[in-house]
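Here are a few exercises to work through with the model on your screen. Try each one before you read the solution.

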Amino acid sequence: MCIPCCICVSTSEVVVVERLGKFDRLIPAGLGVIVCPCEQKAGQVSFRVQQLDVRVETKTKDNVFLTTVVSVQYQVIREKVYQAFYSLTNTQQQITAHVYDVMRSQLPTLELDAVFEAKEDLALAVKNALSETMSDYGYQILQALITDIDPDNRVKQAMNEINSAKRLKFAVAEKAEGQKM
């Protein structure tokens with residue numbers, strides 16, 4: 001005996017319905033009906049923007065280890081809900097793997113100072129690589145941001161000492177110039 005059952009779907013979500021284990025249809029936001037026990041809710045897909053922060057540790061060209069945090073903002077493409085639901089088991093793991101791949105191929109070609117300058121280029125490389133791959137799986141990459149570049153503490157201290165020494169040298173030269181007059 002088949003019994004119609006009501007199902008409520010939240011705004012910006014869609015419910016995936018299977019009939020006897022096979023994909024049947026999508027129920028958009030609002031009130032929907034499934035026929036139990038022939039049909040069942042296989043899952044739901046959100047159209048909201050999601051963010052994944054990926055920490056990558058790697059070495060630069062000048063042998064400095066640093067940790068970068070890449071924030072990837074993504075969402076499901078409305079026309080590709082089927083692919084988004086059925087193509088990948090773990091979307092976040094897939095995105096993380098691609099971020100690792102790009103960052104670990106790009107950062108070793110740059111020196112530490114160049115990494116800070118090339119932050120936008122690195123973020124664009126990550127976004128392009130992810131966009132190309134993830135669109136096949138029903139996901140749109142909205143943004144890839146490098147939110148943190150953190151070298152080892154000893155490297156930071158050494159850089160601060162170098163900058164301090166430069167400023168001190170400049171101050172001494174200015175003072176000597178002032179006394180000359």
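**Exercise 1.** How many Å apart are the mean positions of the positive and negative charges of the protein chain?

*Solution.* Keep in mind that this is a predicted model. Start with the charges: there are 20 positive and 22 negative ones in the protein chain. Then take the mean position of each set, and the two turn out to be 2 Å apart.

**Exercise 2.** Work out whether the chain is spread out or a compact globule.

*Solution.* First, get the layout: the protein chain has five helices and eight strands, in the order β-β-β-β-β-β-β-α-α-α-α-β-α. Next, compare sizes: the radius of gyration is 26 Å, well over the 16 Å that the globule rule gives for 181 residues, so the chain is more spread out than a compact globule. Finally, look at the box filled by the C-alpha atoms, roughly 100 × 30 × 25 Å along the principal axes.

**Exercise 3.** Find out which parts the salt bridge of glutamate 13 and arginine 48 ties together.

*Solution.* Begin with the contact itself: the two side chains meet at 3.3 Å, N to O. Glutamate 13 sits in strand E2 and arginine 48 in the loop between strands E5 and E6, so the pair links parts 35 residues apart in sequence. Now check exposure: glutamate 13 is buried at 13% relative accessible area, while arginine 48 is partly exposed at 42%.

**Exercise 4.** Trace the partners of arginine 25.

*Solution.* One salt bridge goes to aspartate 24, at 2.7 Å. Another goes to glutamate 39, at 2.8 Å. Salt bridges with shared partners join Arg19, Asp24, Arg25 and Glu39 into one network.

Conventions:
Residues are numbered from 1 along each chain as its sequence is written. This is a predicted model: local features need pLDDT of at least 70, side-chain atom pairs count only at pLDDT 80 or more; totals for chains, interfaces and linings use all residues. Side-chain values use heavy atoms; hydrogens and water are left out. Helices (H or I, at least four residues) and strands (E, at least two) are DSSP runs, numbered from the N terminus. The radius of gyration is taken over C-alpha atoms; the globule rule is 2.2 Å times the number of residues to the power 0.38. Lys and Arg count as positive and Asp and Glu as negative; His and the chain ends are not counted. The place of a charge is taken as NZ of Lys, CZ of Arg, CG of Asp or CD of Glu. A salt bridge is a side-chain nitrogen of Lys or Arg within 4 Å of a carboxyl oxygen of Asp or Glu. Buried means under 20% relative accessible area, exposed over 50%, partly exposed in between (1.4 Å probe, protein chains only).
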